[in-house]
Amino acid sequence: MERFVCIHGHFYQPPRENPWLEEVEAQESARPYHDWNQRVTAECYAPNTASRIIGPDRRIVDIVNNYSMISFNFGPTLLSWMERNAHETYEAILEADIRSRKEFSGHGSAIAQAYSHMIMPLASTRDKVTQIKWGVADFKARFRRDPEGMWLPETAVDTPTLETLAQEGIKFTILAPHQAKRVRRYGDGDWKDARNGALCTNRPYLCRLPSGKTISIFFYNEAISKEVAFGGLLNDGEVFAKRILSGFTENEGSQILSVATDGETYGHHHKFGEMALSYCLHYIKANSLARLTNFGEFLEMNPPKDEVEIAERTSWSCEHGVERWMDECGCKTGVCQLQKWRRPLREAMDWLRDNSAATYESEMEKYSERPWDVRDNYISVVLDRSPENVDLFFKRNFEANLSKQDRSKILKLLEMQRHSMLMQTSCGWFFDDVSRIETVQIMKHAARVIQLLRESTGRDFEQEYLERLRAAKSNFSTFGDGAKIYETFVMPSKVNLPRVGIHHVISSIFNGEEGEPHRVYCYIVEDKAYERQKAGRIVLVTGNSRVTSAITLEEDEIWYAALWLGDHNIFGGVRRQMGGEEFSEAQRALHTAFQAGDVQKAISMIGLYFGKEGCSCSLSDLFKDRQIEVLERILEASVGRARAHFQQVYDDNLAVMAFMKGLSLEVPMALRAAAEVVLTYNIVGALRGEMDPGVFERLAEEAMSLQIELDKGTIGLEAKGCIERELGRLAENPEDFGRMEKLERLLRSVERLQLGINYWLAQNMLFQIILKWQGYMKAREASGDPSASRWIEKIRSLAELLGIKT
């Protein structure tokens with residue numbers, strides 16, 4: 001009997017991009033990170049590329065890429081974000097698949113995923129096809145090979161979905177045991193009920209489809225998977241390994257014990273879960289207790305000898321089938337008792353999906369006899385929006401020479417279909433209330449669908465969509481219903497070309513003259529005329545710009561004027577149509593008033609020339625990330641004055657505060673507040689630039705002796721960055737003993753402050769220095785080189801402080 005172990009991680013985040021900007025904006029709930037994608041990457045996706053194996057003395061003995069030893073899938077929309085925003089992690093994931101092919105007989109560990117995580121049994125037939133075609137195309141573009149398997153979102157399955165998988169050449173998928181209806185051996189006509197725990201999950205099964213095609217199905221061990229996800233198995237890697245090994249049965253040939261959970265289990269849901277995974281795999285392999293494998297390798301070595309029929313319209317996270325994504329079935333994650341909102345939300349989304357599909361088909365047929373093939377092929381543009389690739393897409397899919405307007409309309413129709421699929425993302429229904437950010441996100445995609453329908457056909461579906469949302473009642477009276485949530489959170493997010501122009505106008509006040517064409521998210525702004533005047537704190541900008549969408553190629557021209565009066569006070573206006581003579585006249589009138597110092601007249605001129613037919617603008621019209629930047633800049637002087645005042649209070653009272661502490665007396669709250677601000681800012685300042693460990697040590701000692709509650713989150717992030725910078729410089733000059741001494745002093749002071757720093761990257765960096773130089777230095781030491789002995793001593797000290805075994 002040969003035993004195989006395969007651990008699968010489903011790594012996924014819902015699309016979080018603003019549908020109009022194509023980037024994730026700042027999310028306060030993810031602090032201190034910019035957004036949840038960035039936070040989960042730091043806690044899970046990156047650590048799994050370089051996970052620690054800990055020895056008996058609790059020190060790091062090896063660093064491994066977990067992805068190369070497990071089976072995994074990543075959501076295509078998440079990989080798209082990572083490619084732009086976490087490129088090192090992204091490359092390490094791709095590299096892991098290459099390494100796994102060498103380890104597992106040419107079979108890569110990565111498998112594909114249906115593109116935008118919609119529940120496939122609830123998808124239209126057209127959407128099923130596109131989701132799988134896009135998932136395959138995205139996988140091939142990134143991993144440079146055909147996928148053998150595909151993960152179905154929430155493992156939701158029905159026979160038409162399996163037919164589509166088989167049609168696209170997918171060899172296998174992974175399901176939960178309760179998704180098997182009945183099984184039988186080849187050549188045995190008697191089917192056996194596979195429900196109620198009767199299914200053996202240690203082998204693959206063949207599913208014969210009505211079309212005559214087949215697909216293999218692996219069923220993971222549900223009990224162990226639940227213990228990994230929701231129990232305490234990840235508290236100890238050895239316990240984890242032994243629990244996996246307990247899942248094998250006696251007296252059977254080759255067996256596979258597979259576990260499947262959300263990939264975020266390893267590090268995000270369970271802190272240091274990636275280390276438990278690493279040790280589990282290490283323990284099994286080092287002790288030859290089983291052979292690590294992936295599904296593709298095992299399937300080649302052990303083709304199915306049993307057949308299975310699936311339980312239709314089932315999933316891994318809803319015991320009622322797929323009801324969780326369409327009705328109140330009782331499945332929930334929190335305290336909210338009612339989920340009646342799910343059905344009207346599903347009905348509203350399905351209604352919009354069907355109307356957008358019918359409109360797409362009738363409009364695209366004006367340009368192509370194969371509208372759905374065109375949509376399937378559009379993934380090539382989603383993956384590469386360069387002008388050259390867009391031209392190639394049109395050349396391959398359309399026979400006629402198309403005008404610029406026709407191209408823009410076609411792209412709008414295709415984008416409308418992309419967002420129509422994104423608005424069906426499963427997370428919109430998964431949680432407990434219609435007010436959740438995941439549900440608001442899919443409503444934003446729906447709003448983008450409605451906007452693109454209106455712009456490309458003139459038809460407006462918004463009011464009827466809102467009427468349908470009114471039936472989706474929130475559990476919280478504050479939010480009311482889906483329509484109120486849409487009006488409150490979705491409508492203010494909408495963007496059109498003039499809105500991009502407004503952002504550009506306000507942003508230019510703080511940037512100075514723009515000049516060359518530049519990107520504003522997925523838009524290109526080109527200044528045709530631009531003037532900026534300054535008088536004291538007051539700034540006047542006037543100009544004329546062309547705004548172009550890099551997604552739909554739609555363009556518009558705007559004329560504008562804006563007056564910054566200091567602080568957050570901006571008065572401005574933007575127009576879409578304005579003659580050259582009228583604009584020149586407006587500029588002269590504004591410049592005259594501005595140069596005369598007549599602010600009220602300048603404001604009235606903006607209203608006269610830009611207010612009647614245009615739209616006003618204020619600081620609130622900036623997109624969120626730029627809004628935060630500008631507000632920080634506006635407040636910089638005020639914050640500086642406040643800091644100087646606190647510094648004076650602190651300096652004047654430091655001696656008496658120390659005296660009071662010596663007498664065990666409580667320092668007045670106002671003085672403690674001043675000390676907290678001053679010490680936090682000064683410690684952060686000491687960590688920046690060419691860090692002086694002496695200054696840092698003195699400030700840290702003051703904070704500890706006065707028992708001041710520092711902002712440890714802010715200091716910890718700065719200290720983490722400082723340590724990584726110093727290690728980067730040490731890697732460039734590994735015999736810089738001064739830098740090694742500085743690092744050692746810094747690490748000891750940081751340890752005393754108990755900042756709770758995640759040393760993951762610092763450990764990686766020092767580990768690489770040790771691997772590269774330790775052998776060379778030991779050889780030098782053996783030949784009597786005293787500097788090599790000193791180097792080894794210093795490296796050991798640093799390694800000890802970072803928990804690494806040399």
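In this predicted model, strand β2 (residues 51-54) sends its side chains two ways: S51 and I53 point to one side, R52 and I54 to the other, and all of them are buried. That pattern fits a simple rule, since side chains in a regular strand alternate between the two faces of the sheet. The partner of β2 is strand β3 (residues 60-64), and the two pair in the antiparallel sense over four bridges. Within this pairing, S51 has V64 of β3 as its bridge partner. The two strands make a hairpin with five residues between them, and there R58 takes a positive phi near 65°.

Both β2 and β3 turn up again around helix α8 (residues 273-286), as they are among the elements that cover its buried residues. The cover also includes β1 (3-11), α7 (237-245) and β13 (291-292). As for the helix itself, α8 has 14 residues and reaches 20 Å from its first C-alpha to its last, close to the 20 Å expected at 1.5 Å a residue. Its buried residues are G273, E274, A276, L277, S278, C280, L281, Y283 and I284. After α8 comes S288, which has a positive phi near 50°.

Helix α3 (residues 87-103) can be described in much the same terms. At 1.5 Å a residue, its 17 residues should span 24 Å, and the end C-alpha atoms are indeed 24 Å apart, so the two values agree. The buried residues here are T89, Y90, A92, I93, L94, A96, D97 and S100. They pack against α1 (36-45), β4 (71-74), α2 (76-85) and α4 (125-143). Just past the end of α3, S105 has a positive phi of about 55°.

Another strand worth a look is β11 (residues 214-219), which is mostly covered, with five of its six residues buried. Strand β7 (residues 172-175) runs parallel to β11 and is joined to it by four bridges, with T173 having I217 of β11 as its bridge partner. Strand β10 (residues 205-208) is joined to β11 by four bridges too, but these two run antiparallel. In that pairing, C207 stands opposite I215. β10 and β11 form a hairpin with five residues between them, and G212 in the turn has a positive phi of about 100°.

Next comes the nonpolar interior. The largest nonpolar core has 164 residues, and those with the most contacts inside it are I7, F74, M82, F240, L352, M443 and Y465. Helix α16 (residues 437-457) gives this core its largest share, nine residues. What does M443 touch, leaving aside its neighbours within four places in sequence? Its contacts are L345, M349, V434, Y465, L469, G482, I485, Y486 and V490. A second core, separate from this one, has 57 residues, including M660, M691, I795 and L802.

Charged side chains have their own story. A search of the whole structure finds 70 salt bridges. In one of them, D146 meets K140 with the closest N and O atoms 3.4 Å apart, and K140 counts as partly exposed because its relative accessibility is 38%. In another, the closest N and O atoms of R291 and E297 are 2.9 Å apart. Are the two ends of this pair buried or partly exposed? R291 is partly exposed, with a relative accessible area of 30%, whereas E297 counts as buried at 0% relative accessibility.

E555 and K404 also meet through their side chains in a salt bridge, at 3.2 Å from N to O. This pair links distant parts of the chain, as E555 sits in strand β18 (residues 555-564) and K404 in helix α14 (residues 404-422), 151 residues apart. E555 is partly exposed, with a relative accessible area of 37%. Elsewhere, salt bridges that share partners tie E690, E726, R729, D736, R739 and K742 into one network.

One charged residue goes without. R499, in helix α19 (residues 497-511), is buried yet has no salt bridge. Why does R499 have no salt bridge with D621? The nearest side chain of opposite charge, D621, is 4.6 Å away, and a salt bridge needs the nitrogen and oxygen within 4 Å, so this pair does not count. Not counting residues up to four places away in sequence, R499 touches P492, K494, D621, L622 and F623.

Methods:
Residues numbered from 1 in each chain as written. Predicted model: local features only at pLDDT ≥ 70, side-chain atom pairs only at ≥ 80, totals over all residues. Heavy atoms only, no water. Buried < 20%, exposed > 50% of the residue type's maximum accessible area, 1.4 Å probe, protein only. Pairing = 2+ DSSP bridges. Core = buried A, V, L, I, M, F, W, Y, C linked by side-chain atoms within 4.5 Å. Contact = heavy atoms within 4.5 Å. Lys, Arg positive; Asp, Glu negative; His and termini not counted. Expected span 1.5 Å × (residues − 1).
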